[in-house]
Amino acid sequence: MSQPEEIHSLAGAYVLHALEEAERETFVQHLRGCAACAAEVAELNETAARLAEDTWSVPPPAMREQVLAAARRTRQLPPPRPVREPRRAPVRWWRHPAALTAAACLLVAALVGGVYAVQEQRLREERAATLAARQELARTQAVLTAPDATVRTADVAGGGRVTVVAAPSRDAAVVLLATHSPGAQKAYQLWLMDGGTPRSAGVLAAGQGSATHLVDGVGAADALGVTIEPEGGSASPTLPIIAQIPMK
């Protein structure tokens, strides 16, 4: 060993008895004069002594045969099968919270829309009825206040009276009927007689005995008659005529 630096690195090999004989003799001579190597050799010897205690003891040769024999007697377990996730039942769209919420919203919207449509239709019908009533009232007032208006009355068979206010300038007349009820499912019907030919001038509601009715197209009529007809009226008068008023 000509290089002093290299001989310092032989402490480990010396402790493990891994040096050749010539190297060992050289390193032993070196240890006598190198305190550092001597201290390192002392520490390595102490460590080697600890490693040689019970923990690192070599097992007896019979142990290997016993372990192999036990392994041959032990039944090998099959490889574990992959664990499959339990298959979940498909969630119906109508059971899904989001779908239910959307369906509920659509249902509410449909209901609200339906109610709105019904109310809107009802309002339109009420407005139309109100407008028609106002227009008829205005025409009735125009007939009653017409300068050429004439008033004629007649008795109704069985009791009551019928009054006719005719205004040729308006080609209309106002009929005021005040009598008893015609009976269940019966109605009073008004007729204009043109040269002996009757034409319907209006049907009152079933069971109605008193009413004010505006009649148009009276200019050519010779007379106005009243009959009792089935509910809804008839195409031709059902005799007898219970009241008749001349128009000319």
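A residue counts as exposed when its relative accessible area is over 50%, as buried when that area is under 20%, and as partly exposed in between. Glutamine 185, with a relative accessible area of 60%, is therefore exposed. This residue sits in the loop between S3 and strand S4, which spans residues 186-194. Its backbone is worth a look too: phi of glutamine 185 is near 60 degrees, a positive value in a residue other than glycine. All of this, and everything below, is read from a predicted model.

Stepping back to the overall layout, the protein has six helices and eight strands. Starting at the N terminus, the elements run α-α-α-α-α-α-β-β-β-β-β-β-β-β. Of its 248 residues, 23% count as buried. About 17700 Å² of the protein is exposed, and carbon and sulfur atoms supply 59% of that area. As for how the chain meets itself, take the contacts with a separation of 6 or more: residues 24 or more positions apart account for 51% of them.

Among the helices, H3 covers residues 21-33 and holds glutamate 25. That glutamate has a relative accessible area of 46%, so it counts as partly exposed. Glutamate 25 also belongs to a negative surface patch, formed together with Glu20, Glu21 and Glu23.

Next come the charged pairs. Side chains of opposite charge can pair when their charged atoms come close. How many salt bridges does the structure hold? The count is four. One of them joins the side chains of aspartate 216 and arginine 139, at 2.1 Å from N to O. This pair links distant parts of the chain, with aspartate 216 in strand S6 (residues 210-216), arginine 139 in helix H6 (residues 97-144), and the two positions 77 residues apart. Aspartate 216 has a relative accessible area of 40%, which makes it partly exposed. Arginine 139 comes out at 40% as well, so this residue is also partly exposed.

Another salt bridge brings arginine 161 together with aspartate 155, at 2.3 Å from N to O. Arginine 161 is partly exposed because its relative accessibility is 39%. In a further bridge, arginine 199 pairs with aspartate 194, and the closest N and O atoms are 2.5 Å apart. Here arginine 199 has a relative accessibility of 32% and so counts as partly exposed. Its partner, aspartate 194, is likewise partly exposed, because its relative accessible area is 23%, and the lower limit for that class is 20%.

The loops hold a few more backbone details. Aspartate 171 is not a glycine, yet its phi is positive, at about 50 degrees. This aspartate lies in the loop between strand S2 (160-167) and strand S3 (172-179). With a relative accessible area of 34%, aspartate 171 is partly exposed. Proline 147 is found in the loop that runs between H6 and strand S1 (150-155). At a relative accessible area of 85%, this proline counts as exposed, because the cut-off for that class is over 50%. Proline 147 and serine 169 are 22 residues apart along the chain, and their C-alpha atoms are separated by 8.4 Å.

Further along, the peptide bond from leucine 239 to proline 240 is cis, with omega near 10 degrees. Proline 240 belongs to the loop between strand S7 (223-230) and S8.

That loop leads to the last residue picked out here. Alanine 243 is part of strand S8, which covers residues 243-246. Is alanine 243 buried or exposed? Its relative accessibility is 4%, so this alanine counts as buried. What is alanine 243 in contact with, leaving aside its neighbours within four places in sequence? The list reads Asp155, Val156, Val162, Leu224, Gly225 and Val226. One of these contacts, Asp155, is the aspartate that meets arginine 161 in a salt bridge. Alanine 243 and glycine 160 are 83 residues apart in sequence, while their C-alpha atoms are 9.7 Å apart in space.

How values were computed
Residues numbered from 1 in each chain as written. Predicted model: local features only at pLDDT ≥ 70, side-chain atom pairs only at ≥ 80, totals over all residues. Heavy atoms only, no water. Helix = DSSP H or I, 4+ residues; strand = E, 2+ residues; numbered from the N terminus. Buried < 20%, exposed > 50% of the residue type's maximum accessible area, 1.4 Å probe, protein only. Contact = heavy atoms within 4.5 Å. Patch = residues over 30% accessible without salt bridge, like charges linked within 9 Å, V, L, I, M, F, W, Y side chains within 5 Å. Areas by Shrake-Rupley, 256 points an atom, 1.4 Å probe, with all protein chains shown as cover. Lys, Arg positive; Asp, Glu negative; His and termini not counted. Charge placed at Lys NZ, Arg CZ, Asp CG, Glu CD.
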